[in-house]
Amino acid sequence: RHTRYWRDCSSDVCSSDLQASIKAAVETEERVNFTWMSIFRPPVLRYTVIFFFAWFWNYVAVYGFGTMGVTLLVQHGYSLVHSIQMAIAGGVGFVAGGLISPFISDRFSRKWPPFVVTVLLGAELLLLGIFPGPVLITLYFFLAAFQVGIFAPLIYLLTAEHFPTSGRNIGMAFSNGVAHIGGAIGPFMATFVAASFGFGAMFLSLSACFWLCALCLLFAKQTTKRNLEAIIVSEFEN
């Protein structure tokens, strides 16, 4: 499976020690009978936890207002037409984020662009919680969609890169798939906080969720422009 890599990894690119380390790590990894329980054992466990909570908090925040936004705005006093008009900004954000994402996926470490846009979105929600108004609400719809356009493709890739080859599907299925529980919790959380503590408090809670997501990303590894086999080395040598 790695024949092409060994052919391309010439002495000018990889030292003999690095080649030997990579070969040993890959052979060790390929002998592992990777099961569901493997993602809960070191050295993989820490990445299971990191990416589960990164995706979980992101889904809580994205689905929290994203699925209930127009309804909550109408309940807060905005007309249905005005609420929909503000939400249209989200369509622009999706397109902008999606168009930019391919140009930054290998230019920067893959965790940093999602980290930056997530922190900025959290800051905007903090302002929105303190000074709720139509301008900031419209900006939120744009930034939330823009964040998804940057976050989703880069973190999908980053998540997969943190799991050994034989366990990549299992790692993704748990850390991203099971984390969709956050998407189920988000709308209930948003409506509960809005009803119990006010409209501004709901935005503050969503801000906290995005910042928790960004905090998780700080513990991800640098994988950009690194060969997947080389990444595996660190898994078995740490």
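F115 touches A214, L217 and L218, leaving out residues up to four places away in sequence. F115 itself is part of helix α7, which spans residues 112-130. There is also a long-range pairing here: F115 and C216 are 101 residues apart along the chain, yet their C-alpha atoms are separated by 9.2 Å. Keep in mind that this is a predicted model.

**How far to trust it**

The chain averages a pLDDT of 84, and 80% of its residues reach 70 or more. The weak spot to know about is the start: over residues 1-8 the pLDDT stays under 50. The model does give that stretch twelve contacts beyond four places in sequence. Still, where pLDDT is low, the predicted coordinates should not be read in detail.

**The overall picture**

This chain has twelve helices and zero strands, so reading from the N terminus you meet α-α-α-α-α-α-α-α-α-α-α-α. Of the 238 residues, 47% are buried. Contacts reach a long way along the sequence too: among those between residues at least 6 apart, 80% join residues at least 24 apart.

A few pairs show what that looks like in practice, with distances taken C-alpha to C-alpha.

| Pair | Apart in sequence | C-alpha to C-alpha |
|---|---|---|
| F115 and C216 | 101 residues | 9.2 Å |
| A201 and L128 | 73 residues | 9.5 Å |
| E161 and K221 | 60 residues | 9.1 Å |

**A cis bond, then α3**

In the loop between α2 (16-31) and α3 you'll find P43. P42 and P43 are joined by a cis peptide bond, with omega at about 5°.

Follow the chain into α3, residues 45-66, and you get to T48. Is T48 buried or exposed? T48 counts as buried, because its relative accessibility is 2%, and the cut-off for buried is under 20%. A polar atom of the T48 side chain sits 2.7 Å from the backbone oxygen of I39. I39 also turns up among the contacts of T48, along with F40, F163, F174 and S175, once neighbours within four places in sequence are set aside.

Two of those partners, F174 and S175, bring us to helix α9. That helix covers residues 168-177, and seven of its ten residues are buried, so the rest of the structure largely encloses it. Besides F174 and S175, the buried set has R168, I170, G171, M172 and N176.

**α10 and the helices it packs on**

What does α3 pack against at an angle of about 45°? The partner is helix α10, residues 181-197, and the two axes are 7 Å apart. That makes α3 and α10 oblique to each other, because 45° falls outside the ranges for roughly parallel (under 35) and roughly perpendicular (65 to 115). The crossing of α3 past α10 is right-handed. On the α3 side, the residues involved are F56, Y59, V60, Y63 and G64. They meet I181, G182, G183, I185, G186, P187, M189 and A190 of α10.

Next along the chain is α11 (residues 199-217), whose axis comes within 7 Å of that of α10, with a crossing at roughly 140°. So α10 is oblique to α11. This crossing, α10 past α11, is right-handed. From α10, the contact uses M189, A190, V193, A194 and F197. From α11, it uses F199, A201, M202, S205, L206 and C209. M189 and A190 are worth a look on your screen, since they are listed in the contact with α3 and again in the contact with α11.

A201, which sits in α11, isn't fully tucked away: its relative accessible area is 23%, so it is partly exposed. A201 is also one half of a long-range pair, with L128 lying 9.5 Å away C-alpha to C-alpha.

**E161 in α8**

Finally, have a look at E161, in helix α8 (residues 134-161). Which side chain does the side chain of E161 make a polar contact with? That would be R110, at 2.8 Å. E161 counts as buried, because its relative accessibility is 8%. K221, 60 residues from E161 in sequence, has its C-alpha 9.1 Å from that of E161.

Definitions and conventions
Residues numbered from 1 in each chain as written. Heavy atoms only, no water. pLDDT = per-residue confidence, 0-100. Contact = heavy atoms within 4.5 Å. Helix = DSSP H or I, 4+ residues; strand = E, 2+ residues; numbered from the N terminus. Buried < 20%, exposed > 50% of the residue type's maximum accessible area, 1.4 Å probe, protein only. Polar contact = N/O pair within 3.5 Å; in protein donor to acceptor, adjacent residues only side chain to side chain. Axes fitted to C-alpha atoms, helices over the stretch in contact; angles between N-to-C directions. Parallel < 35°, antiparallel > 145°, perpendicular 65-115°, else oblique. Left-handed = near helix turned anticlockwise from the far one by under 90°.
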